[in-house]
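Please have the sequence and the model side by side before reading on. The paragraphs below are meant to be followed with both in view.

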Amino acid sequence: GTPVYTHLERTSQPMIRLLSGDLATWTDEPCACGRTYPRLPGGLFGRIDDMFTVRGENVYPSAVEDVLVGTPGYGGEYRLVISRTEAMDELVVQMEIDEATHQRGISEPGSLQTLSDQVAGRLRATLGIRAIVQLEPPGSLPRTEFKARRVVEDRKLYRELHATC
């Protein structure tokens, strides 16, 4: 669930509640140290909205989509993969290209690298972080219906969390 912060013990102040938007697991079982107050034993796991954090920057998938939609050659589908191989997170943007761009890439191999570099530069200017752009052939990414889940969490914390659920 998501923690909601409030001050229930103060009677002279108005009731204000803050929905944090974070994802956490809450428990009120006594701790091994003797603490009996409710706590978040695993800390915060992520967000309940689409926002995620990479290298200390808040990233919204809609901002990435705005950059991709304005790119000539965009095929209509994308996927964001967040991974951590060493100390820092990496954002990989898998962008599907349209058929004309794919054919041009076959005849002019350097054109796809140029497109990838242009998209990476626009993402860096918009998001404030470096993103690795992978151009995918038409029809290679799964089609999305309704509200799309285009973000793939591949960090160790999320793999361990979903392995236990």
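What follows is a walk through some strands, a loop residue and a pair of helices.

The model is a predicted one, in which local features need pLDDT of at least 70 and side-chain atom pairs count only at pLDDT 80 or more, while totals for chains, interfaces and linings use all residues. Residues are numbered from 1 along each chain as its sequence is written, and side-chain values use heavy atoms, with hydrogens and water left out.

A convenient place to begin is strand β8, which spans residues 89–97; strands (E, at least two residues) and helices (H or I, at least four) are DSSP runs, numbered from the N terminus. Because 9 of the 9 residues of β8 are buried, this strand is largely enclosed by the rest of the structure, where buried means under 20% relative accessible area, exposed over 50%, and partly exposed in between, with a 1.4 Å probe and protein chains only. Both of its faces are covered, with Asp-89, Leu-91, Val-93, Met-95 and Ile-97 on one side and Glu-90, Val-92, Gln-94 and Glu-96 on the other.

Strands count as paired if DSSP finds at least two bridges between them. Strand β7 (residues 74–84) runs antiparallel to β8 and is joined to it by 8 bridges, and these two strands form a hairpin with 4 residues between them. With strand β9 (residues 131–136), β8 pairs in the parallel sense over 6 bridges. Met-95 can be followed in both pairings, since it is the bridge partner of Tyr-78 and has Leu-135 as its partner in β9.

Val-54, in strand β5 (residues 52–54), is buried, with a relative accessible area of 1%. Leaving aside neighbours within four places in sequence, Val-54 is in contact (heavy atoms within 4.5 Å) with Ile-82, Asp-89, Leu-91 and Ile-129. Val-54 and Ile-82 are 28 residues apart in sequence, and their C-alpha atoms are 7.7 Å apart in space. Arg-55, by contrast, is partly exposed at 34%; it sits in the loop between β5 and β6 (57–59) and has a positive phi of about 55° although it is not a glycine.

The last element is a helix pair: the axes of α1 (residues 61–69) and α3 (residues 109–127) come within 10 Å and cross at roughly 140°. The contact is made by Ala-63, Val-64, Val-67 and Leu-68 of α1 and by Val-119, Arg-122, Leu-123, Thr-126 and Leu-127 of α3.

Note on methods
Axes are lines fitted to C-alpha atoms, for helices over the stretch in contact, and angles run from 0 to 180 degrees between N-to-C directions.
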